[in-house]
Amino acid sequence: MREPSVRRYSGRSVEEWKAARRERLLAAALELFGTEGYPATSVERLCTQAKVSTRHFYHEFQNKEAVLLAVHAQVIETAVRTTGDALRRTADRPVGERITAAVDSYLHTIMADLRQARISFVEVVGTSPAVEEQRIAFRELLIGSVNDLGETAVGRGEIKPKDFRFLGLAFFGAVNTVVYDWMLTDPRPPEQTVQQSLRDLAVQLMTS
């Protein structure tokens with residue numbers, strides 16, 4: 001039995017058009033939320049930037065908050081993936097090297113694009129219960145990685161048992177404050193300088 005034909009417009013299926021439209025809206029959200037800010041960006045402004053009608057916007061997203069959740073989720077996915085990859089690559093290395101690799105991967109993902117940094121450390125904070133829930137869930141994923149790394153190092157006899165959840169909270173609290181200050185400083189210090197300081201802090205917290 002033949003498969004039903006897929007209607008195509010300018011060589012694309014309806015689903016391909018929808019996917020492309022969604023990607024344009026997410027790219028517009030990254031640009032506008034990451035430069036002008038979430039409160040200052042209207043749905044109409046997003047649509048203009050993405051070259052999408054407001055009617056089609058509401059086919060893809062329920063409201064502006066849903067776009068923020070989606071673009072923040074993209075940042076989360078990348079950060080979790082790169083940090084996890086760094087930990088897997090260094091699975092057999094000493095704890096100090098594993099911490100360094102994980103922190104470098106995480107910070108580079110977040111800080112390499114100032115728009116992503118602003119969304120992660122400014123625009124999502126306290127925006128709404130749903131956005132805050134996603135932000136806290138992301139933090140818990142990262143703290144889970146800290147705990148796993150720490151417990152592995154304890155099992156190998158590299159460090160003594162500690163409250164790794166507390167250390168994770170302390171470290172990521174410091175990251176939030178330091179990166180936020182770095183974004184606002186003019187002239188901005190080199191990204192590598194900030195990363196080095198936070199890397200040293202993470203190693204000291206975990207191994208001292």
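The largest cavity in this predicted model has a volume of about 220 Å³. Its lining is made up of 17 residues, and those closest to the centre are Ala 102, Val 103, Val 146, Phe 171 and Phe 172. Five helices each put at least two residues into the lining of this cavity: α4 (64-89), α5 (95-111), α7, α8 and α9 (191-207). As for chemistry, the lining of the largest cavity breaks down into 14 nonpolar and three polar residues, with no charged ones. The search turned up one cavity of 30 Å³ or more.

Then there are the pockets, which are open. The largest pocket comes in at about 190 Å³. Lining the largest pocket are His 72, Tyr 106, Ser 120, Phe 121, Val 125, Arg 135, Phe 138, Arg 139, Leu 142, Phe 172, Asn 176 and Tyr 180. Helices α6 (114-123), α7 (129-155) and α8 (164-184) are the elements that give two or more residues to this lining, and α7 has the largest share, with four residues. Sorted by class, the lining of the largest pocket holds seven nonpolar, three polar and two charged residues. Phe 172 turns up in the lining of the pocket, and Phe 172 is also listed among the residues closest to the centre of the cavity.

Stepping back to the overall fold, the protein chain has nine helices and two strands. Read from the N terminus, the order of elements is β-β-α-α-α-α-α-α-α-α-α, so to speak a pair of strands followed by helices. The C-alpha trace spans about 60 × 55 × 30 Å along its principal axes.

Closer to the start of the chain, helix α1 (residues 14-35) and helix α2 (residues 43-50) cross at roughly 115°, with their axes coming within 8 Å. This crossing is right-handed. On the α1 side the contact involves Arg 24, Leu 25, Ala 28, Ala 29, Glu 31, Leu 32 and Phe 33, while α2 brings Arg 45, Leu 46, Gln 49 and Ala 50. Taken by class, the residues of this contact come to seven nonpolar, one polar and three charged.

A couple of backbone oddities are worth a look. Most residues other than glycine have a negative phi, and most peptide bonds are trans. Lys 51, however, is a residue other than glycine with a positive phi, near 60°; Lys 51 sits in the loop between α2 and α3 (54-60). Further along, Asp 186 and Pro 187 are joined by a cis peptide bond, with omega at about 5°. Pro 187 belongs to the loop between α8 and α9.

Finally, a word on confidence. The protein chain averages a pLDDT of 91, and 94% of the residues score at least 70. Helix α2 has the highest confidence, at 97, whereas strand β1 (residues 8-9) has the lowest, at a mean of 54. Over residues 1-5 the pLDDT stays under 50, and the model has zero contacts for these residues beyond four places in sequence. Where pLDDT is low, the predicted coordinates should not be read in detail.

Note on methods:
Residues are numbered from 1 along each chain as its sequence is written. This is a predicted model: local features need pLDDT of at least 70, side-chain atom pairs count only at pLDDT 80 or more; totals for chains, interfaces and linings use all residues. Side-chain values use heavy atoms; hydrogens and water are left out. Axes are lines fitted to C-alpha atoms, for helices over the stretch in contact, and angles run from 0 to 180 degrees between N-to-C directions. A crossing is left-handed if the near helix is turned anticlockwise from the far one by less than a right angle, and right-handed if clockwise. Contact means heavy atoms within 4.5 Å. Ala, Val, Leu, Ile, Met, Phe, Trp, Tyr, Cys and Pro count as nonpolar, Asp, Glu, Lys and Arg as charged, and the others, Gly among them, as polar. On a 1 Å grid over the protein atoms alone, a cavity is a set of points where a 1.4 Å probe fits but cannot get out, and a pocket is an open set with protein on both sides within 12 Å along at least five of seven lines; lining residues have an atom within 4 Å of a point. Grid points are joined across faces, edges and corners, and a volume is the space filled by probe spheres set on the points. pLDDT is the predictor's confidence in each residue, from 0 to 100.
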